[in-house]
Amino acid sequence: MPRFSVIVPAYEVQAYLTECLESVLSQSHPDFELIVVDDCSPDACGALADEFAARDPRVRVLHLPENQGLGPARNAGTELARGDYLLFLDGDDTLAPGALGAIAARLRATRDPDVLLFDHERTYWSGAAERDGAGPLTEEGAAPFALADRPELLRVLMVAWNKAYRREFVTRAGLVFPPGYYEDTPWTYPALLAAGPIATLDRVCVRYRQRRRGNILGTTSRRHFDIFDQYDRVFAFLDAHPQLERWRPVLYRRMVDHLSTVFLKRDRLPRGTRAEFLRRARAHCRRHRAPGGTLRTRTRARHALVRLGLHRTYRGLQLAMTLRRRTARLAVRVRRVLRAGLLRAHYRLQLRLPLRADRAVFAASWGLGRSCNPGALEAAFRALAPHIRTAWIARPEHHHTIPAQTRRLSPGTAAYWTALARSKYLVNNVNFDRRLVKRRGQVFVQTQHGTPLKHMGLDLQERPAAARSMDFAQLLRGVDSWDYLVTANRHTTLTWERVYPGRYRTLEYGYPRNDVFQRATSADVKRLRESLGVPRDKIAVLYAPTHRDYRTTQRPVLDLERVVRRLGPDFVVLARAHHWHGGPLAPAGTTGGEAGGGRIVDVSAHPSVEDLCLAADVLLTDYSSIMFDYAGLNRPIVIHAEDWQAYEASRGTYFDLRAFPPGAVARSEDELVDIFTTGHWRGSRSAQLRAAFRERFCALDDGRAAERVVRHVVLGQRDVESGLPPVVPLAERHPVPSACPGTAVVPEPAAGGARNPYASRPQPVGRLPVTDSL
């Protein structure tokens, strides 16, 4: 008997059915049966289902002799089901990767409840996706529980496919789907009311496709009148179960909300039927009326519309509210215009006042908190030039990252414009506001934020997918404001001076943000690992992929749950999404799910990537510049280059990373797993590659880069004779070691056992092909 029966009704969804079925069959949890109910679909749904059944014994297909509708089709699938739990999935939707494994783990953890509710995300034809984000699905508190303990669950979207139902409970309760539209209503409400133990899973398990055309509830039809019969069935269920009478007021309010939604949706009711719908709605409210509870003003207006049939009155109120909102928005715009004018006048006034030689203002990454190279330089300013008062520009939500002794500035405020107008020193890793007027005597230190592998600056003129309508003239105007440009190596110097041409002076001193790698102690590493929840005896893999310009949606390249499961219990993954990614790399719930087992930790919101590097035993990345920084720690690096050709074609790169890597290179997920399971990731060959990489790109990152910049820019020390610190040779550096002893370099396996092609082929060690001519 399988653990799950996944029931998929199929009717006129041939374009989506293959993706739907594959999303089920590719689940990491194998203990399920997939029942496809062909509801006499006139397209190829039946044939597609038969093809899947022919190649996978877990697929069973039921062909109905005539079209019966979604509800009866689900009933037919339920009659065939043999699984412990029933899951329903519409033929145009999909299961999220790892969903069944997470559901199975949660069911075990909550002792097999009657119903388990989980979350979903809406996916749009544009590629965008948004999680429903239902707060009631939190896993906090006791579980399982009764509905009376969490009545807010009745506000969760009332559909059948966001829940798992114990089959024995469904049979005992006599639950069946009715025919007609809104068939979910008389199924889901009785299911929750009749259920004994209930549990929740705070994780996206279903991807709910928002079709541009063809959604049943988005069609104009008299069949929307079916909603009245469906709620009659709900209240008939209550009549048959007097012990559930307490829920009548709640369901009454939910019904009125639902009826008003159908009425107010302009595309659902055919022309000439709206008055009829309102009359029937009023009669329904009188029949099932159950006063109780408090309502918000807007909700009370909707209820009055349905209960009293006050269509014209409601429209009048709606018009009045619309006018009020528009008036309020106009007032806001007027205030914004006036404020902007006052700020411009304030800035012009500040520009006429003397510069303050004892002031420096810092910023990083378009308003983020204290971080990156400017963050390290700000600390060095305070340590080496204490006479200079520092300020940091960041959005208010990031102010907590700024030290107490540093002034905090919010973009767009009067204090912000004052600081930009009168501070002598300006430090950023991107450009400041384009309205900045660079004054004579001001010193702008541009640090950038990484060693370039991908094309940047003017090189993007031939890369429209990456440039995305970039204003190159504005880019060069920003470059003209730079006085100094900090670089970490000769490759970066030559590249920046070509793609950012200007009159600035390059300070090839190393990257200040990497100083911490040479100064941190083992106690620091231990503390950071504990703060992230990394067990002492586990190998922490920092997974930090970069942005893909050739993709509109930044879906993860790796299935982290599957990778972690294959790597085994010795590994923990710290998953950090690129700041343009728009969301975590690991789905919600994987840290405690069956596949993750608590071994995937999303660290995308962590304020310091340097701290994450210190905590990690090995870096796993693709084409991110983090590899150049992490190499300074002299810890293993693994490159996942599965889509190298696509990335190189769309973005362009300055050298072939596969020919000069900082460690082992994987061209697929299978090769990646092999690199870790065979030990290539920490083998002697990987160490040899890393040594050549460090020699080329990390020769200046000796822990004193920030000091050299401050001494040069502020204190006027230009060379070693005048006080500039000399560079510590690579051989004499001792960066803080990894906290896990399992990362020590080991000899490579014999040639016959080397399954990673990049670990066994000859590599160009000690030189980077055509580097200085890039």
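**Figure 1. Arg172 and Glu168 both belong to helix α5 (residues 167-173), where four residues, about one turn of the helix, separate them.** In this predicted model, the two side chains form a salt bridge in which the closest N and O atoms are 2.8 Å apart. An α-helix has 3.6 residues a turn, so residues three or four places apart point the same way. Glu168 has a relative accessible area of 42% and is therefore classed as partly exposed, the range between 20% and 50%. A search of the whole structure finds 45 salt bridges, and further examples are shown in the following views.

**Figure 2. A salt bridge joins Arg529 to Asp617, with 3.0 Å between the closest N and O atoms.** Arg529 is part of helix α18 (residues 522-532), whereas Asp617 occupies the loop between α20 (609-615) and β20 (618-621); the pair therefore ties together parts that are 88 residues apart in sequence. Arg529 and Asp617 are both buried.

**Figure 3. The side chains of Arg548 and Asp643 meet in a salt bridge with an N to O distance of 3.0 Å.** Distant parts of the chain are linked by this pair, whose members are 95 residues apart. Arg548 lies in the loop between β17 (539-543) and α19 (560-567), and Asp643 in the loop between β21 (637-640) and α22 (644-651). The relative accessible area of Arg548 is 2%, so this residue counts as buried. Asp643 is also buried, at 11% relative accessibility.

**Figure 4. Salt bridges connect Arg74, Asp90, Glu183 and Asp184 in a network.** The network comprises one arginine, Arg74, together with the acidic residues Asp90, Glu183 and Asp184.

**Figure 5. Arg233, in helix α7 (residues 226-240), is shown with its surroundings.** Not counting residues up to four places away in sequence, Arg233 touches Pro178, Pro179 and Pro186. The C-alpha atoms of Arg233 and Thr185 are 8.9 Å from each other, although 48 residues separate the two along the chain. Arg233 has a relative accessibility of 36% and is thus partly exposed.

**Figure 6. Arg325, Arg326, Arg329, Arg333, Arg335 and Arg336 form a positive surface patch.** Arg329 is located in helix α11 (residues 311-351). With a relative accessibility of 44%, Arg329 counts as partly exposed.

**Figure 7. Helix α4 (residues 99-109) is mostly covered.** Nine of the eleven residues of α4 are buried, namely Ala99, Leu100, Gly101, Ala102, Ile103, Ala104, Ala105, Arg106 and Leu107. Just after α4, Arg111 adopts a positive phi of about 60 degrees.

**Figure 8. The protein, from which the preceding views are taken, contains 26 helices and 22 strands.** Among its 774 residues, 54% count as buried. The accessible surface comes to about 33,800 Å², and carbon and sulfur atoms account for 52% of this area. Of the contacts in the protein with a separation of 6 or more, 74% are between residues 24 or more positions apart.

Conventions
Residues numbered from 1 in each chain as written. Predicted model: local features only at pLDDT ≥ 70, side-chain atom pairs only at ≥ 80, totals over all residues. Heavy atoms only, no water. Patch = residues over 30% accessible without salt bridge, like charges linked within 9 Å, V, L, I, M, F, W, Y side chains within 5 Å. Areas by Shrake-Rupley, 256 points an atom, 1.4 Å probe, with all protein chains shown as cover. Salt bridge = Lys/Arg side-chain N within 4 Å of Asp/Glu carboxyl O. Charge placed at Lys NZ, Arg CZ, Asp CG, Glu CD. Helix = DSSP H or I, 4+ residues; strand = E, 2+ residues; numbered from the N terminus. Buried < 20%, exposed > 50% of the residue type's maximum accessible area, 1.4 Å probe, protein only. Contact = heavy atoms within 4.5 Å.
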